[in-house]
Structures are given as structure tokens and as C-alpha cells.
Amino acid sequence: MLHVFLYGLEVVRYALLYRVLFDKKVSKVWCFFWVGAILYLFFILFGEGLPNSAKCVYACIATFIAMFLMMNEEWKKKGKALLILFLVISVLTKVILLPIKLLEVHDIIQRDLNDYESVFTSIVTIVLVSGMLLWKKKRKEKKVWDLSGTKIYIVVVIMIIGMLITASALDVAVQYVPSR
């Protein structure tokens, strides 16, 4: 079950990034196992006819549910923290995949990359975020970034606008680029 493994990797990378950005550990680790067990049972019962993209979406939804339950925040702050984590991980994923797509290695390993793209980016992100965590501990800093106040809302709005502009520009560019 590749998608249950992907769920585990996603929760690990969200938890590590939560530790780096907010300087808090996740609690209630049992939520990780319960949500994972429910996801596994869901795939056993209903997963036969589902396409891989739908399974990835269900794994991501399960990741958000598990992280929401495991965060050490007030209920109102959990949504904000989860949105920040999602945006940072989205940017890290795009940065990791950019060299592969620019070097046109993507065409050579098209099928394999589609099947294991999320697993590959999760593992690389875990390595990068673990390095950030070790760097932070070595420097003995409590907070690397100050994510309090209205500054973070400005950054989040700019990231959302940037992602929307990029997605719409790529949709327009597809019309002018000949297919291979």
C-alpha cells in the first residue's frame, strides 16, 4: 500500500516542519496510528476502483486530520499553523521537483516519477527539514523564524497569490506550447 506509506511520510514531514517553524513537538501520536488504520481500512474496502490521484488526495486529507489532532496549539491557531505548513511544504516540493523538470529527466522517467513523485519529494523534504532541525539545535536557538503577529498573514497572502498567478500562467502557456 504505497498510499498508506505516503501518509506516514507526509505526517513525519509535517511534524518535523512543525517542530522547526513553531518550536513545538506534536503530541497525541496515537492519532497518527488511528487515522492511518482508518485510511488503510478505507483502501482495503473501497480502494480497488479508485485511481491513484484519488488515493493521494485521501492520504493528504488523512495527513491534515492527523496533524490537526496532534498539534500543540489552541483550536483557533491550529488552522493557521496547518495552512502555513501546507504552503511551506508546497513550495519545498516545487523547489525539489524543479531540477528534474528543467533537466528534462522527467520525460525519461515519466511513469516512475508519476508513481513515486510524492514519496521522493517527501523523503527529500524530510532530509532537508531534519538538517534544518539539527542546525537549529546546534546553534541553540529557540525560534528560527518569528511567525507571530500580522507578518505571517502578509506572507501567507503573498504565497497564495503567487501560487494562483503561477497556476493560471501555466494554464495559459499550455495553449501555446506544442505537445510532443
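This passage describes the helices, the surface and the aromatic contacts of a single protein chain.

The structure is a predicted model, in which local features need pLDDT of at least 70 and side-chain atom pairs count only at pLDDT 80 or more, while totals for chains, interfaces and linings use all residues. Residues are numbered from 1 along each chain as its sequence is written, and side-chain values use heavy atoms, with hydrogens and water left out.

The protein chain contains seven helices and zero strands, where helices (H or I, at least four residues) and strands (E, at least two) are DSSP runs numbered from the N terminus. Read along the sequence, the chain accordingly has the pattern α-α-α-α-α-α-α. Of its 180 residues, 32% are buried; here buried means under 20% relative accessible area, exposed means over 50%, and partly exposed lies in between, with a 1.4 Å probe and protein chains only.

In the loop between α1 (2-22) and α2 (30-46) lies K28, whose phi is near 55°, a positive value in a residue other than glycine. Most residues other than glycine have a negative phi. K28 counts as partly exposed, at 35% relative accessibility.

On the surface, V57, Y58, I61, I65, L69 and W75 make a nonpolar patch of about 560 Å². Patches are made of residues with over 30% relative accessible area and no salt bridge, like charges being joined within 9 Å and nonpolar side chains (Val, Leu, Ile, Met, Phe, Trp, Tyr) within 5 Å. Accessible areas come from the Shrake-Rupley method with a 1.4 Å probe, and for residues only the protein chains shown count as cover; a salt bridge is a side-chain nitrogen of Lys or Arg within 4 Å of a carboxyl oxygen of Asp or Glu. Helix α3 (residues 52-70) gives the most to this patch, with five residues. V57 lies in helix α3 and is partly exposed, with a relative accessible area of 47%, whereas W75 is exposed, at 59%.

Aromatic side chains were then considered. Rings of Phe, Tyr and Trp (its six-membered ring) pair if their centres lie within 6.5 Å, and planes under 30 degrees apart count as stacked, over 60 as edge-to-face and the rest as tilted. By this rule there are nine aromatic pairs. One of them joins F32 and F33 in an edge-to-face arrangement, with 5.0 Å centre to centre and 70° between the planes; F33 is exposed, with a relative accessible area of 56%. Another pair, F68 and W75, is tilted, with 5.3 Å centre to centre and 55° between the planes, and F68 is partly exposed, at 25% relative accessible area. In addition, F42, F43, F46 and Y58 form one aromatic cluster.

K78 makes contact with both rings of the tilted pair, as a charge sits over a ring if NZ of Lys or CZ of Arg is within 6 Å of the ring centre and within 35 degrees of the ring normal. The charged end of K78 sits over the ring of F68, 5.2 Å from its centre, and K78 also lies over the face of W75, at 4.3 Å from the ring centre.

The structure holds zero disulfides, a disulfide being a pair of cysteine sulfur atoms within 2.5 Å. Among the cysteines, C31 counts as buried at 4% relative accessibility, whereas C60 counts as partly exposed at 31%.

Finally, V88 lies in helix α4 (residues 75-102) and counts as partly exposed, at 23% relative accessibility. V88 and M159 are 71 residues apart in sequence and 9.0 Å apart in space, C-alpha to C-alpha.
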